[in-house]
Amino acid sequence: MNGGDASGRLVRPFTLTGGRTRPSRTDFTLITSVTTVDPPPDRAARPQPEHARILRLCTKPVVVAELAAQLDLPVSVVCIMLCDLLEAGRIVAHAPRQISRTSDMDLLQKVRDGLGRL
């Protein structure tokens, strides 16, 4: 990789987020599921190319970590762009389903019992 590629790679996320370094919301974790709103809102502005790419990837539910991997971008940058899309009404975010600690302990006990039988 030459120096031009490296410096271009550093500038690109900064450009995509308009210089922002933090998302405007805290809705997104690595396992938050995101889906496009279909049809898009009536007054939806034409999305920027990277936003449009996210919208294409989210026609079926996809988690934030997978989006970042498919876009080859840092999760923080993807979260900032997802905030833009959420605020524009272009996507819906679904928080991960909460699992009770009781079921976690039950599952761990079953795993331990199963490993003990090996």
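Ser33 lies in strand 1 of a predicted model. The chain has five helices and three strands, and along the sequence these follow the pattern α-β-α-β-α-α-β-α. The three strands make an open sheet with the order 2-1-3 and antiparallel pairing. Of the 118 residues, 28% count as buried.

**Overall features**

- Among contacts with a separation of 6 or more, 75% are between residues 24 or more positions apart in the chain.
- The chain exposes about 8400 Å², and carbon and sulfur atoms supply 57% of that area.
- The whole structure holds one salt bridge, described under charged residues below.

**The sheet**

- Strand 2 and strand 3 are the edge strands, since each pairs on one side only.
- Strand 1 covers residues 33-36 and stands between the other two in the order 2-1-3.
- Strand 1 is joined to strand 2 (residues 62-63) by two bridges, and the two strands run antiparallel.
- Strand 1 is joined to strand 3 (residues 91-94) by four bridges, again in an antiparallel arrangement.
- In general, the strands of a sheet pair through backbone hydrogen bonds, in either a parallel or an antiparallel way.
- Thr35 of strand 1 has Val92 as its bridge partner in strand 3.
- Side chains alternate along strand 1: Ser33 and Thr35 point one way, Val34 and Thr36 the other way.
- Ser33, Val34, Thr35 and Thr36 are all buried.

**Ser33**

- Ser33 counts as buried because its relative accessibility is 17%, and the cut-off for buried is under 20%.
- Ser33 has a bridge partner on each side of strand 1: Val63 in strand 2 and His94 in strand 3.
- Apart from neighbours within four places in sequence, Ser33 is in contact with Pro61, Val62, Val63, Val92, Ala93 and His94.
- Both bridge partners, Val63 and His94, are thus among the contacts of Ser33.

**Helix 3 and the residue after it**

- Helix 3 spans residues 64-71, and its buried residues are Val64, Leu67, Ala68 and Leu71.
- Viewed down the axis of helix 3, these buried residues fall within an arc of 100°, so they line one face of the helix.
- The buried residues of helix 3 pack against two strands, strand 1 and strand 2, and against helix 2 (49-57) and helix 4 (75-87).
- Helix 3 is followed by Asp72, which lies in the loop between helix 3 and helix 4.
- Asp72 counts as exposed because its relative accessibility is 53%, and the cut-off for exposed is over 50%.

**Backbone exceptions**

- Most residues other than glycine have a negative phi, and most peptide bonds are trans.
- Asp72 has a positive phi, near 55°, although Asp72 is a residue other than glycine.
- The peptide bond from Asp38 to Pro39 is cis, with omega near 0°.
- Pro39 belongs to the loop between strand 1 and helix 2.

**Charged residues**

- Arg90 is found in the loop between helix 4 and strand 3.
- Arg90 is buried but has no salt bridge. The nearest side chain of opposite charge is that of Asp38, 8.3 Å away.
- Not counting residues up to four places away in sequence, Arg90 touches Thr35, Thr36, Val37, Pro40, Pro41, Ala44, Ala45, Pro47, Leu55 and Leu85.
- Two of these contacts, Thr35 and Thr36, are buried residues of strand 1 that point in opposite ways from the strand.
- The salt bridge of the structure is formed by Asp113 and Arg112, with the closest N and O atoms 4.0 Å apart.
- Arg112 counts as exposed, at 55% relative accessibility, whereas Asp113 is partly exposed, with a relative accessible area of 31%.

Technical notes:
Residues numbered from 1 in each chain as written. Predicted model: local features only at pLDDT ≥ 70, side-chain atom pairs only at ≥ 80, totals over all residues. Heavy atoms only, no water. Buried < 20%, exposed > 50% of the residue type's maximum accessible area, 1.4 Å probe, protein only. Pairing = 2+ DSSP bridges. Arc of directions from axis to C-beta. Contact = heavy atoms within 4.5 Å. Lys, Arg positive; Asp, Glu negative; His and termini not counted. Areas by Shrake-Rupley, 256 points an atom, 1.4 Å probe, with all protein chains shown as cover.
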